[in-house]
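Got your viewer open? Grab your mouse and let's take a walk through this one together.

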Amino acid sequence: MSSEIRLNVNMSCTNGNYTDQIIKSIQVNQATANGTKPGIVCTTSDTALSFPAIGTLGYALLYNQDATNYVDLGPEVSGAIAPIIRLQPGEFAVLRLKPGITLRAQAHTASVDLMAWVLEN
């Protein structure tokens, strides 16, 4: 089979005189039929996220399920988080992970429930 992964984005912004929109769709081949959708409790301590069921990281949807606190995410650099993503309560991000990367997370103020749907490449 081909094009097993489908991503659709419809993002718009209207604020005063500023209005813009982008709509994009892509289809991607998945070499290995596998994925995992663990619920992860991210604490206020910098913690590595682990996806042992996934051999080669591919696309990830990261969703902050907390109603109050944000969570920072980023790659591991010298054993610590290098935060490049901040998910406010209820926000999500979709990205393609580099195979072999270690993703880390750190919650603000209190622990956050993070849903991480990761697809094998």
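Here is a tour with a few stops, each with something to select. Keep in mind as you go that this is a predicted model.

**Stop 1: the largest pocket**

Start by selecting I5, R6, L7, N8, V9, Y59, A60, L61, F92, V94, W117 and L119, and show them as sticks: they line the largest pocket. The space you are looking into has a volume of about 290 Å³. Try colouring the lining by residue type, and you'll get 10 nonpolar residues, 1 polar and 1 charged.

Now switch to the cartoon view. Which strands each supply at least two residues of this lining? They are strand 1 (5–15), strand 6 (57–64), strand 10 (92–96) and strand 12 (112–120). Strand 1 gives the largest share, with 5 residues.

**Stop 2: the ring of W117**

Stay with W117, which you just met in the pocket lining, and add K37 to your selection. K37 sits over the face of W117, at 5.2 Å from the ring centre. While you're thinking about rings, how many aromatic pairs does the structure hold? The count is 0, so don't spend time hunting for them.

**Stop 3: strand 3**

Next, select residues 35–36, which make up strand 3. Click on T36 first. Is T36 buried or exposed? It is buried, because its relative accessible area is 18% and the cut-off for buried is under 20%. Show what surrounds it: leaving out neighbours within four places in sequence, T36 is in contact with F51, I54, A116, W117 and V118. There's W117 again, from the pocket lining.

Now move to G35, also in strand 3. G35 is partly exposed, with a relative accessible area of 38%. Not counting residues up to four places away in sequence, G35 touches I54, V118, L119 and E120. So I54 and V118 turn up in the contacts of T36 and in those of G35. Before you leave, draw a distance from G35 to G58: they are 23 residues apart in sequence, and their C-alpha atoms are 9.2 Å apart in space.

**Stop 4: Q27 on strand 2**

For the last stop, select Q27, in strand 2 (residues 18–28). What does Q27 touch, once residues up to four places away in sequence are set aside? The answer is S3, I5 and R6. Two of these, I5 and R6, are in the pocket lining from the start of the tour. Finish with one more distance, from Q27 to N8: the two are 19 residues apart along the chain, with 8.9 Å between their C-alpha atoms.

Conventions:
Residues numbered from 1 in each chain as written. Predicted model: local features only at pLDDT ≥ 70, side-chain atom pairs only at ≥ 80, totals over all residues. Heavy atoms only, no water. 1 Å grid on protein atoms, 1.4 Å probe; cavity = no way out; pocket = protein on both sides within 12 Å on 5 of 7 lines; lining within 4 Å. Points joined across faces, edges and corners; volume = space filled by probe spheres on them. Helix = DSSP H or I, 4+ residues; strand = E, 2+ residues; numbered from the N terminus. Nonpolar A, V, L, I, M, F, W, Y, C, P; charged D, E, K, R; others polar. Phe/Tyr/Trp six-rings, centres within 6.5 Å; stacked < 30°, edge-to-face > 60°. Lys NZ or Arg CZ within 6 Å of the ring centre and 35° of its normal. Buried < 20%, exposed > 50% of the residue type's maximum accessible area, 1.4 Å probe, protein only. Contact = heavy atoms within 4.5 Å.
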